[in-house]
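Colleague: I would like to learn how to read a few features of a protein model. Could we take them one at a time, with the general idea before the case?

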Amino acid sequence: MPTESRLSVRKTYKLYIGGKFPRSESGRSYEVHTPRGAFLANAAQASRKDVRDAVVAARKAFAGWSGATAYNRGQVLYRVAEMLEGRRAQFVDEVGDAEGLTARRAESLVDAAIDRWVWYAGWTDKIAQIAGSSNPVAGPYFNFSLPEPTGVVAILAPQKSSLLGLVSVLAPAVAGGNTVVAVSAQDRPLPASTLAEVLATSDLPDGVINLLTGFTAELASWLAAHMDVNALDLTGVAVADRTELERLAADNVKRVFRGAADPDWTADPGIERLIAYQETKTVWHPIGI
């Protein structure tokens, strides 16, 4: 008997806000294609209301996540890495399609992304040793400098590296106790949407990471101007467009991380991003009390 051809099921990916998968408040979506123009799927096009909802979710989650022990945060993030490993084949396909890569190159990048998530999971209980100190003072006191998370971090993810670059900007922010609203790569959002599915079924508390898809230029200004966002990562924004976003961010004295315009994400990431979103608290305590 002849084999009947079947229609492909064209998926429309949703946003990830507060542990749920809502459609864009505006009802908008846009088509996602391979670099050669082949249709892949539809992605939700986030609106200003979606940005506000994501910030509310991140703020709500901040107290619990920042108040958890560093050891517990490391366990949670390691569980995410385990689940990334379990869906490795899917990520290889999606990264290959998104970035126009061979299977071997896509495998290399996915493996690097999983390894990097594990690496940052291992840093959660070591940040205090690197960024903190015991300070000598002239008096009968102990004086300690302790790092604390900044708060809600808005991240404009890299445009070219759909998974490894995304992991490299997300993981250090949450490892340090911050919560995140991230805008995925505009033209390569599907690995980020699949990462959201991993996060939703992991031990990560709802709202710690919120992932938006849509047009970066449209969403960036709303995040930069939002008064309840404490820090802004401009990695995924063209250098020429950063000055205006920095001006908007200055209204509530946000921390701004510029980042290199097109870094080598396979290189050693160092600890710059781990401490970029940490505030230093200095504590005095009398000796003998």
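Colleague: How many salt bridges does a search of the whole structure find?

Modeller: The general idea is a distance test: a side-chain nitrogen of Lys or Arg has to be within 4 Å of a carboxyl oxygen of Asp or Glu. This is a predicted model, and the search of the whole structure finds 14 salt bridges. One of them joins E197 and K11, with the closest N and O atoms 2.9 Å apart.

Colleague: Which parts does the pair of E197 and K11 tie together?

Modeller: E197 is in helix α7 (residues 190-200), while K11 is in the segment before β1 (12-13), so the salt bridge ties together parts that are 186 residues apart in sequence. K11 has a relative accessible area of 37%, which makes K11 partly exposed.

Colleague: What is a case between two strands?

Modeller: K281 and E148 form a salt bridge whose closest N and O atoms are 3.0 Å apart. Strand β11 (residues 278-286) holds K281 and strand β5 (residues 141-149) holds E148, so this pair ties together parts 133 residues apart in sequence. Both ends can be read for exposure too: K281 is partly exposed at 40% relative accessible area, and E148 is partly exposed at 32%.

Colleague: Are R273 and D233 buried or exposed?

Modeller: R273 is buried, and D233 is buried as well. They form a salt bridge with the closest N and O atoms 2.6 Å apart. R273 belongs to helix α10 (residues 272-276) and D233 to strand β9 (residues 231-233), so the parts tied together are 40 residues apart in sequence. Salt bridges can also share partners, and in that way K11, R87 and E197 are joined into one network.

Colleague: Now helices. What span is expected for helix α1, and what does α1 reach?

Modeller: The general idea is to compare the distance between the end C-alpha atoms with an expected 1.5 Å a residue. Helix α1 (residues 48-67) has 20 residues and reaches 29 Å, close to the expected 28 Å. A kink of about 40° is centred on A61 in α1. A61 is also among the buried residues of α1, which include D50, V51, F62 and W65.

Colleague: Which residue caps the N-terminal end of α1?

Modeller: S47 does, with a side-chain oxygen 3.4 Å from the backbone nitrogen of K49.

Colleague: How many residues does helix α3 have, and what should they span?

Modeller: Helix α3 (residues 88-99) has 12 residues, which should span 16 Å, and its end C-alpha atoms are 16 Å apart, in agreement. Its buried residues include F91, V92, E94 and V95. Among the elements that cover the buried residues of α3 are β1, α2 (70-86), α4 (103-121) and α7.

Colleague: What is T194 in contact with, leaving aside its neighbours within four places in sequence?

Modeller: T194 is placed in helix α7 and is buried, with a relative accessible area of 0%. With those neighbours left aside, T194 is in contact with Y13, R87, Q90, F91 and E94.

Colleague: How do I read a phi angle?

Modeller: Most residues other than glycine have a negative phi. V253 is not a glycine, yet its phi is positive, at about 55°. V253 sits in the loop between α9 (242-249) and β10 (255-257) and is exposed, with a relative accessible area of 70%. G100, just after α3, also takes a positive phi, of about 65°.

Colleague: And aromatic rings?

Modeller: A pair of aromatic rings is described by the distance of the centres and the angle of the planes. The count here comes to seven aromatic pairs. In one pair, the rings of Y16 and F21 have centres 5.0 Å apart and planes at 35°, so the pair is tilted. Y16 is buried at 2% relative accessibility, whereas F21 is partly exposed at 34%. Ring pairs also link W119, Y120 and W123 into a cluster.

Colleague: Where does A267 lie?

Modeller: A267 lies in the loop between β10 and α10, and is partly exposed at 34% relative accessibility. The general idea here is to set distance in sequence beside distance in space. A267 and A112 are 155 residues apart in sequence, and their C-alpha atoms are 10.0 Å apart in space.

Conventions:
Residues numbered from 1 in each chain as written. Predicted model: local features only at pLDDT ≥ 70, side-chain atom pairs only at ≥ 80, totals over all residues. Heavy atoms only, no water. Helix = DSSP H or I, 4+ residues; strand = E, 2+ residues; numbered from the N terminus. Expected span 1.5 Å × (residues − 1). Bend = angle between axes of the 7 residues up to and from the residue. Buried < 20%, exposed > 50% of the residue type's maximum accessible area, 1.4 Å probe, protein only. Polar contact = N/O pair within 3.5 Å; in protein donor to acceptor, adjacent residues only side chain to side chain. Contact = heavy atoms within 4.5 Å. Phe/Tyr/Trp six-rings, centres within 6.5 Å; stacked < 30°, edge-to-face > 60°.
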